[in-house]
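Q: I should like to learn how to read a new structure, beginning with its contacts and ending with single features. Where should we begin?

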Amino acid sequence: KIDICQSERSYRKGPQARLTYTYMTQEEDWDRDLLLDPAWEKQQRKTFTAWCNSHLRKAGTQIENIEEDFRNGLKLMLLLEVISGTELDYHDAATVNARCQGICDQWDNLGTLTQKRRDALERVEKLWETIDQLYLEFAKRAAPFNNWMDGAMEDLQDMFIVHSIEEIQSLITAHDQFKATLPEADKERMATVGIHNEILKIAQTYGIKLSGINPYTNLSQQDINTKWETVKHLVPLRDQMLQEEVARQQGNERLRRQFAAQANIIGPWIQTKMEEISHVSVDIAGSLEEQMNSLKQYEQNIINYKSNIDKLEGDHQLSQESLIFDNKHTNYTMEHVRVGWEQLLTTIARTINEVENQILTRDAKGISQEQLNEFRASFNHFDRKRNGMMDPDDFRACLISMGYDLVNAKARLTFQAFIDFMTRETAETDTAEQVMASFKILASDKNYITVDELRRELPPEQAEYCISRMTRYIGADAAPGALDYISFSSALYGESDL
């Protein structure tokens, strides 16, 4: 081995010894603070490097970095040879040089391998960076696409309730618009899946072992494809559901139109018959027998018309079973028709009964047709609402017009009650029936009379007289404090001042 330190000592014994000694002596006298100045140190390095290169260029070489280039001692020994002007004598220099060359070759080989390793690692790093970017891109595209498919599956399976063809057509239009977006959605799916396939291709090409987990999302290519297949499966099922609902709504529309066509005829027919019956009941042109015959014909027509009501009830039942609760084609509902029909039946029955009672009253009391017509004319005149009932104010006005001093009358009269009152008032003598009829008027056609009604309608003395002698009414329709004026009239006929 070459003793570098010994060579250096030998060098110091040469011609430059005195120069080195002088240099070191001067260095000891320098200001030590300058050694701490980075700028000064940099300048000294530059100056020393330039000085070394001025000698080394004579040997066909130079240095760039003092520490690195002088590390193995070769260039340092070459510098010493140039400065001393003599070739240093090395012991077994050939062997040393050979071994040094071997070390240098191994070092160079190590450097080459290191560089190759570095290049390989950098390539792998770039590949992993590419894979990481693809993972991130997959996550960015997969997340919104997955959310879209979740929403699509929910919408495709959503239950709907519609009540008209217009509503179901609106759903079909929305569904068609959704189907129009499927090609673009499929392109997005393929692009997203393509990113995953590109990752697999890179890994296969360069032998990279993937962990199988995307660090940016839990979604996988299989998740995307599975949901997409589910969406495609649900689309035709939704089509079928919508078409079935269209057929059902078309059937419902036929039921609506069928019901409306009949209801729009039956409703006005009932109203017309009600008005005609009302006109017959107040008509004074014919006799009571003629009115009765006309009413009987109306009754028969109403009975014959019942089949139309039954058919309408059948259509209504079908509508209810089909869950049809509205009908824009008519303002009549089955409830309206039922109420109108019952009112019509009640009106015709009541009117026939009133005419029959009028005939019995006429025959029993010997009232002429002319008198009945006069009574009817008076009643119609004061029946301002034209409902077959004379309100208390109307009855009071009627009594005053006929000269009766009964301005406190509160009764609401039918035409039959009005006839009873008029026949009683126009008769020369009172009868028990006439007294009962008077009480009936005061009691508003009830079978009993109350204390308040007696005190309101009669003078105080007569009211107290009746109250003290009337027995309690015990009928099923009795109200609290009801008094029996019928038994009172029968028992006390002739004793009363009424």
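A: We begin with a definition: two residues are in contact if heavy atoms of theirs lie within 4.5 Å. The model before us is a predicted one.

Q: What share of the contacts with a separation of 6 or more comes from residues 24 or more positions apart?

A: Such residues account for 68% of those contacts in the chain.

Q: How many helices and strands does the chain hold, and what percentage of its residues count as buried?

A: The secondary structure comes to 19 helices and five strands. Of the 498 residues, 33% count as buried.

Q: How is one residue read, for instance Gln249: is Gln249 buried or exposed?

A: The term buried applies under 20% relative accessible area. Gln249 has a relative accessible area of 0%, and is therefore buried. Gln249 belongs to helix α9, which covers residues 221-282.

Q: Which residues is Gln249 in contact with, leaving aside neighbours within four places in sequence?

A: The contacts of Gln249 are Val162, His163, Ser164, Ile165, Ile168 and Arg256.

Q: How may the length of a helix be checked, and what span should helix α12 have?

A: The expected span is 1.5 Å times one less than the number of residues. Helix α12 (residues 334-365) has 32 residues, so a span of 46 Å is expected; the end C-alpha atoms are 46 Å apart, which agrees. After α12 comes Gly366, with a positive phi near 65°.

Q: How does helix α10 fare by the expected 1.5 Å a residue, and which of its residues are buried?

A: Helix α10 (residues 288-304) has 17 residues and reaches 24 Å from first C-alpha to last, close to the 24 Å expected. Its buried residues are Leu288, Gln291, Met292, Leu295, Tyr298 and Ile302. Seen down the axis of α10, these buried residues fall within an arc of 125°, so they line one face of the helix.

Q: Which annotation covers residues 288-315?

A: The unreviewed UniProt entry gives "coiled-coil region" for residues 288-315. In the model, this span is 96% helix and 0% strand, and its end C-alpha atoms lie 40 Å apart.

Q: Finally, how are aromatic rings read, and how many aromatic pairs does the structure hold?

A: A pair of aromatic rings is described by the distance of the centres and the angle of the planes. The structure holds nine aromatic pairs. Ring pairs join Phe145, Trp148, Phe178 and Trp228 in a cluster.

Q: What lies over the face of Tyr448?

A: Lys446 lies over that face, at 5.7 Å from the ring centre of Tyr448.

Definitions and conventions:
Residues are numbered from 1 along each chain as its sequence is written. This is a predicted model: local features need pLDDT of at least 70, side-chain atom pairs count only at pLDDT 80 or more; totals for chains, interfaces and linings use all residues. Side-chain values use heavy atoms; hydrogens and water are left out. Helices (H or I, at least four residues) and strands (E, at least two) are DSSP runs, numbered from the N terminus. Buried means under 20% relative accessible area, exposed over 50%, partly exposed in between (1.4 Å probe, protein chains only). UniProt positions are given in the numbering used here, feature names are shortened, and annotations may be inferred rather than shown by experiment. Rings of Phe, Tyr and Trp (its six-membered ring) pair if their centres lie within 6.5 Å; planes under 30 degrees apart count as stacked, over 60 as edge-to-face and the rest as tilted. A charge sits over a ring if NZ of Lys or CZ of Arg is within 6 Å of the ring centre and within 35 degrees of the ring normal. The arc is that of the directions from the helix axis to the C-beta atoms.
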